[in-house]
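Reader: Hey, could you walk me through this one? I'm new to reading structures.
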Amino acid sequence: MEERDTIAAARRTRKLLRDAVCALEDAIGAPIGAGPRWAERVAGVLADLGEAVAAHRNNVDANGGLFFVVQHKAPRLVGTIDLLRNEHDAALAEAEELRAFLSVPGETGVDLTAARERTAELLTRVLRIQHRCADLVYDAFAVDIGYPA
C-alpha cells in the first residue's frame with residue numbers, strides 16, 4: 001500500500017470514529033429523566049463507538065497500515081505509536097465497561113448522572129486519541145517522510 005493509500009484508509013476510519021463520537025455526544029446530551037430509555041440509547045451508541053474505535057485501531061495497526069509505515073519510515077515516533085495503541089485499548093475497554101453498566105436489564109439503581117460524566121470523559125479520551133493520531137500523521141509524513149499529510 002502506498003503512503004497516500006495508507007493515509008486515505010486512516011482518514012476513512014477516523015471519519016467513522018468522528019461520527020460515532022458525535023452520535024454519543026448527542027445521546028448523552030438527551031435528558032436523563034427518561035431513565036431506562038436514555039440508558040438503552042447511550043448503551044447502543046457506546047457499542048457503535050467501540051466498533052468504530054476497534055475498526056480504526058485495526059486499520060492503523062494492520063500490516064501496511066499507518067503505524068506500520070510510520071514505524072519503518074519514522075522510527076523516532078515508535079513511542080507515540082505505543083502510546084496510541086494503549087490509548088485505543090483503554091478507550092475500547094472503557095466503552096465496553098460503560099455499555100455493560102448501562103445494559104443491566106431492569107436496573108433502577110444506576111446513577112445516570114455518573115454514567116453521563118464517565119461517558120463524557122470517554123469522549124474526551126477518544127478526542128485526544130484523534131488529536132494524537134493527527135499529530136502523528138503530520139510529524140511522520142510532513143516532517144520525516146516528506147509527503148504532505
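Author: Sure, it's a predicted model. One term to start: a residue counts as buried under 20% relative accessible area and exposed over 50%.

Reader: Okay, so is glycine 33 buried or exposed?
Author: Glycine 33 is exposed, because its relative accessible area is 76% and the cut-off for exposed is over 50%.

Reader: Where is glycine 33 found?
Author: In the loop between α1 (3-29) and α2 (36-60). Glycine 33 also sits 10.0 Å from threonine 113, C-alpha to C-alpha, although the two are 80 residues apart in sequence.

Reader: Cool. What about the inside, which residues in the largest nonpolar core touch the most other members?
Author: Trp38, Leu49, Leu66, Val70 and Leu102, out of 43 residues in that core. The elements giving two or more residues to this core are α1, α2, α3 (66-73), α4 (78-102) and α5 (112-145).

Reader: Which one gives the most?
Author: That's α5, with 11 residues.

Reader: And what is valine 70 in contact with?
Author: Leaving aside neighbours within four places in sequence, valine 70 is in contact with Pro75, Leu77, Ile81, Leu136, Ala140 and Phe141.

Reader: New topic: how many aromatic pairs does the structure hold?
Author: Zero. But arginine 118 lies over the face of phenylalanine 101, at 5.8 Å from the ring centre.

Reader: Last thing, what's the mean pLDDT of the chain?
Author: It's 90, and 94% of the residues reach 70 or more. Among the elements, α1 has the lowest mean, 91, and α4 the highest, 95. Where pLDDT is low, don't read the predicted coordinates in detail.

Key
Residues are numbered from 1 along each chain as its sequence is written. This is a predicted model: local features need pLDDT of at least 70, side-chain atom pairs count only at pLDDT 80 or more; totals for chains, interfaces and linings use all residues. Side-chain values use heavy atoms; hydrogens and water are left out. Helices (H or I, at least four residues) and strands (E, at least two) are DSSP runs, numbered from the N terminus. Buried means under 20% relative accessible area, exposed over 50%, partly exposed in between (1.4 Å probe, protein chains only). Rings of Phe, Tyr and Trp (its six-membered ring) pair if their centres lie within 6.5 Å; planes under 30 degrees apart count as stacked, over 60 as edge-to-face and the rest as tilted. A charge sits over a ring if NZ of Lys or CZ of Arg is within 6 Å of the ring centre and within 35 degrees of the ring normal. A nonpolar core is a set of buried Ala, Val, Leu, Ile, Met, Phe, Trp, Tyr and Cys residues joined through side-chain atoms within 4.5 Å. Contact means heavy atoms within 4.5 Å. pLDDT is the predictor's confidence in each residue, from 0 to 100.
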